[in-house]
Amino acid sequence: MKASILVTLLTLVPFSTQILVNKCEGVDSVPSVNIISNGLACEAPPCPVFLGAVAEMQVNFSSSIYFESLKPNITVIALGAVVPVPPNQQDGCEGILNTVCPVVAGETIDYIYKLQVYSFFPKIEFTVIFSMVNELKELVTCFSVDLLVKSKN
Ligand SMILES: *[C@@H]1O[C@H](CO)[C@@H](O)[C@H](O)[C@H]1NC(C)=O
Ligand SMILES: *[C@@H]1O[C@H](CO)[C@@H](O)[C@H](O)[C@H]1NC(C)=O
């Protein structure tokens, strides 16, 4: 009895921390992603992100290539418009929690990007495409996910 409860817990835990995100063209894997805004972890997309708060995007992945630097690239698709968003992090290496750059192929990376959800944003659902390239402009990781802007109260 106890053992079966433990097995259930162990198999449930990894799934509860990651959400389903969409794969990008040109990459064969999706990172393990969660998005936490205003203390609330996303359970399933569209992920709530709160106005005036930071939406913390946890992105865990295994890099298939070597990189010395990482450049985040954020694109938003909202109301039919494709809008590039200037990243607030110039070197993605600064968002890596578990190791430091340079990173060799096959290393597991725990990375966080803090997406600023300004209070003037419209309260709509939108798609965000998040990718990072290395110094040779090779794609290191990429995914897309739907977010829903909400007010805190
Ligand atoms: C990423 O890895 C860290 C450290 O292992 C873990 O705490 C976190 O839950 C993971 N996040 C996701 C979305 O997999
Ligand atoms: C950023 O990502 C978008 C969407 O995937 C892509 O169209 C664009 O070319 C990328 N920009 C750069 C500078 O890589």
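Around ligand 1, this predicted model places T17, Q18, S32, V33, N34, Q58, N60 and D110. Two elements, β1 and β4, give two or more residues each to that shell. The biggest giver is β1, with 3 residues. By class, the mix is 6 polar residues, 1 nonpolar and 1 charged.

Ligand 2 has its own set of neighbours: N73, T75, I129, S131 and V133. Here the strands that supply at least two residues each are β5, covering 71–78, and β8, covering 125–133. Of the elements around ligand 2, β8 gives the most, with 3 residues. This shell splits into 3 polar and 2 nonpolar residues, with no charged ones.

The two strands that line ligand 2 are also partners. β5 and β8 run antiparallel and are joined by 7 bridges. Within that pairing, T75 sits across from I129 of β8, and both T75 and I129 belong to the set around ligand 2. Another facing pair is V76 with V128 of β8. As a general point, strands in a sheet pair through backbone hydrogen bonds, in either a parallel or an antiparallel way.

On to the sheet itself. β5 and β8 are part of an open sheet of 5 strands, and the order across it reads β3-β9-β8-β5-β6, with mixed pairing. At the edges come β3 and β6 (81–85), each of which pairs on one side only. On average, neighbouring strands of this sheet are turned by 35° against each other, direction ignored.

β8 also pairs with β9, again in the antiparallel sense, this time over 9 bridges. One facing pair here is F126 and L147 of β9. The two strands make a hairpin, with 5 residues between them. In the turn, K137 has a positive phi of about 65°.

One residue of β8 that deserves a closer look is S131, which is also among the residues around ligand 2. Is S131 buried or exposed? It comes out as partly exposed, because 18 other C-beta atoms lie within 10 Å, while a buried residue would need 20 or more. Neighbours within four places in sequence aside, S131 is in contact with C24, N73, L139, T141 and C142. N73 from that list turns up around ligand 2 as well. F143 is 12 residues from S131 in sequence, yet the two are 6.5 Å apart in space, C-alpha to C-alpha.

Then there is the largest nonpolar core, which has 27 residues. The ones with the most contacts inside this core are V33, I35, M57 and V145. At least two core residues each come from β1 (32–37), β3 (47–50), β4 (53–62), β7 (108–117), β8 and β9 (139–150). The top supplier is β9, with 6 residues.

Which residues does V145 touch? Not counting residues up to four places away in sequence, V145 touches V21, N22, V33, P45, C47 and V128. Some of these names have come up already. V33 is another of the residues with the most contacts inside the core, and V33 is also one of the residues around ligand 1. V128, for its part, is the residue of β8 that stands opposite V76.

Notes
Residues are numbered from 1 along each chain as its sequence is written. Chains are lettered from A and ligands numbered from 1 in the order in which they are written. This is a predicted model: local features need pLDDT of at least 70, side-chain atom pairs count only at pLDDT 80 or more; totals for chains, interfaces and linings use all residues. A residue is near a molecule or strand if its C-beta atom, placed from the backbone, lies within 6 Å of it. Helices (H or I, at least four residues) and strands (E, at least two) are DSSP runs, numbered from the N terminus. Ala, Val, Leu, Ile, Met, Phe, Trp, Tyr, Cys and Pro count as nonpolar, Asp, Glu, Lys and Arg as charged, and the others, Gly among them, as polar. A nonpolar core is a set of buried Ala, Val, Leu, Ile, Met, Phe, Trp, Tyr and Cys residues joined through C-beta atoms within 7 Å. A residue is buried if 20 or more other C-beta atoms lie within 10 Å of its own, exposed if 12 or fewer, and partly exposed in between; C-beta atoms are placed from the backbone. Two residues are in contact if their C-beta atoms, placed from the backbone, lie within 7 Å. Two strands pair if DSSP finds at least two bridges between them. Axes are lines fitted to C-alpha atoms, for helices over the stretch in contact, and angles run from 0 to 180 degrees between N-to-C directions.
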